[in-house]
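Here is a quick tour of a protein chain for someone meeting it for the first time. Have a look at the sequence and the model before reading on.

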Amino acid sequence: MNNVELRTENIALPEREQLLISCGRVLERLAANAPSDSRLNMAVDHDGDDFVIDVELVSGEMQFSVVADAKSPFMALEKANKEVSDRIKKWSATRLVETMPASVQ
C-alpha cells in the first residue's frame, strides 16, 4: 500500500490536485522497481520558503527514507524521485550479481 500525505493545509497551493496526481504517479513508478513487498509513503510539507518531500521505503530487503527540498513542490518531488530511484537501482544491481551463477560471475 502506497500513501501520499499532504501537510500543506495552511498554505495556498493552487496546484494541489496536480501535485497529488504527480506524487501518486511517482510512487507507482518507484513501487514497480522496488522489492515486491515494499511499502512506500510520501509526505509533502512546507518549511519556510521550501517545500519538503519525504519518501520512506520499507521492505524485507531494504529500508530507507529520503528527504528533498526545493522552492517548488514539483522540483522537490523530482529530487526525491531521483534519489529513491537511484537507491532502488543500486539494490536491483546488487541482487542481479548475487543471483548470478558462480560460473557467470
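What follows is a walk through the overall layout, one helix, the core and two buried polar residues.

This is a predicted model, where local features need pLDDT of at least 70, side-chain atom pairs count only at pLDDT 80 or more, and totals for chains, interfaces and linings use all residues. Residues are numbered from 1 along each chain as its sequence is written, and side-chain values use heavy atoms, with hydrogens and water left out.

Let's start with the layout. The chain has two helices and four strands, in the order β-α-β-β-β-α along the sequence. Helices (DSSP H or I, at least four residues) and strands (E, at least two) are numbered from the N terminus. Of the 105 residues, 35% are buried, meaning under 20% relative accessible area with a 1.4 Å probe, protein chains only, while exposed means over 50%.

Now for helix 1, which covers residues 16-33. Its 18 residues should span 26 Å at 1.5 Å a residue, and the end C-alpha atoms are indeed 26 Å apart. That expected span is 1.5 Å times one less than the number of residues. Leu 19, Ser 22, Cys 23, Val 26, Leu 27 and Leu 30 are buried in this helix. They sit on the same side of helix 1, because they cover an arc of only 135 degrees around the axis, taken from the directions from the axis to the C-beta atoms. Over on the other side, Glu 17, Glu 28 and Ala 32 are exposed.

Next, the core. The largest nonpolar core (buried Ala, Val, Leu, Ile, Met, Phe, Trp, Tyr and Cys residues joined through side-chain atoms within 4.5 Å) has 26 residues, and Met 42, Ile 53, Val 55, Leu 57, Val 84 and Ile 88 touch the most other members. Helix 2 (73-99) is among the elements that each supply at least two residues, and its six residues are the largest share. Met 42 touches Cys 23, Val 26 and Leu 27, among others; contact means heavy atoms within 4.5 Å.

Finally, here are the two buried polar residues. Their contacts leave out residues up to four places away in sequence.

| Residue | Location | Relative accessible area | Touches |
|---|---|---|---|
| Ser 38 | loop between helix 1 and strand 2 | 14% | Leu 57, Val 58, Ser 59 |
| Asn 81 | helix 2 | 13% | Val 26, Arg 29, Leu 30 |

Ser 38 also has a side-chain polar atom 2.8 Å from the backbone oxygen of Pro 35.

Notes
A polar contact is a pair of N or O atoms within 3.5 Å; within protein, one must be able to donate a hydrogen and the other to accept it, and residues adjacent in sequence count only if both atoms are side-chain atoms.
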